[in-house]
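Please open the structure in a viewer and keep the selection tool at hand. The tour proceeds one selection at a time.

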Amino acid sequence: MRIVVCTKETPDTAAKIEIGPDGAATWGDAPLVINPWDEYAVEEALLLKDRGATATTAIGMGTDTTKEALKHALAMGIDEAVLIKDMALKGADTLVTSHALAQAIKKLDDTRLVIFGKMTTDGATGQTSVQVGRRLGWPTLTQVSKIVDIDFAAGRITVERMVDGGQQTVESTLPAVLSVVKDINEPRYPSFMGIRKASRAEIPEWGAAHIALNAGVAAKARWPELRMPPVREGEVVLIEGDSPEAIANTLLDKLLGEKVI
């Protein structure tokens, strides 16, 4: 009974984005790290091994840099990882990404649950989990804050979802796709032995042919142009007066003069 975690690498949240001369976004020398939301998905997969899951797999789509996110998942305790890597996937949007992930998941035996983080910190669409569920034909439960009960043998799962104004308890059949929020757990730190094991791990690479990628599934979203907003300059003016009322009146006159109000 396998649990699959889908993850990717994202720029460090403290990184400052800039637009290069070629119009491409760059984060300078900032390191790429596992998408922070995905750590909660990884942790939940590990916790589910105490509730009946027998295998855990992390899947990422991208380039060699994506291996860093996969190795982080391995260091936390995930059993194995797979990288989907092919030039045919360059410029992929969520439609292409979800297709590639779904095709890879189909190649894994006895998958009962696929877990995503709520969203990625770079794209922040939250669409991929739902699209993967649709492509697999499995129920998709989003905004999951707690797995109340899971019975792999009976093929049932009960979860709590965060909704506007409160929580919702939902029951579903397995296999299913989940996207989880931060309330669900507290991710563990990778152990020293886990980091050593991950550093030596050989992560297989699956190309388009290996996962039977449909070349007819093309990206619909594109970034025709990226540009930084114009720099706004300002100045500080200290208003003085004999009384608070005089200062307030001077400020009001300036705001009216500048047509701010």
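The stops below lead from a strand and its partners to the nonpolar core and then to a surface patch. The model is a predicted one.

**First stop: strand S7.** Select residues 80-84, which form strand S7. This strand is mostly covered, with 4 of its 5 residues buried. Next, add strand S6, residues 55-61, which pairs with S7 in the parallel sense over 5 bridges. Within this pairing, Met61 stands opposite Ile84 of S7. To follow the chain between the two strands, select helix H2, residues 66-76: the path runs from S6 through H2 to S7, and this β-α-β crossover is right-handed.

**Second stop: another partner of S7.** Select residues 205-206, strand S13, which pairs with S7 in the parallel sense over 2 bridges. Here Ile84 stands opposite Trp206 of S13.

**Third stop: the largest nonpolar core.** Select Ile78, Leu113 and Ile157; of the 36 residues in this core, these three touch the most other members. Elements that each supply at least two residues of the core include strand S1 (2-7), helix H1 (36-47), S7 and strand S8 (111-117). Return to H2 as well, since the largest share of the core, 6 residues, comes from that helix.

**Last stop: a surface patch.** Select Leu252, Leu256, Val260 and Ile261, which make a nonpolar surface patch of about 380 Å². Ile261 lies in the segment after helix H6 (244-257). Is Ile261 buried or exposed? Ile261 counts as exposed because its relative accessibility is 57%, and the cut-off for exposed is over 50%.

Notes. Residues are numbered from 1 along each chain as its sequence is written. This is a predicted model: local features need pLDDT of at least 70, side-chain atom pairs count only at pLDDT 80 or more; totals for chains, interfaces and linings use all residues. Side-chain values use heavy atoms; hydrogens and water are left out. Patches are made of residues with over 30% relative accessible area and no salt bridge: like charges are joined within 9 Å, nonpolar side chains (Val, Leu, Ile, Met, Phe, Trp, Tyr) within 5 Å. Accessible areas come from the Shrake-Rupley method with a 1.4 Å probe; for residues, only the protein chains shown count as cover. A salt bridge is a side-chain nitrogen of Lys or Arg within 4 Å of a carboxyl oxygen of Asp or Glu. Buried means under 20% relative accessible area, exposed over 50%, partly exposed in between (1.4 Å probe, protein chains only). Two strands pair if DSSP finds at least two bridges between them. A crossover is right-handed if, with the strands pointing away from the viewer, the path from the first strand over the helix to the second runs clockwise. A nonpolar core is a set of buried Ala, Val, Leu, Ile, Met, Phe, Trp, Tyr and Cys residues joined through side-chain atoms within 4.5 Å.
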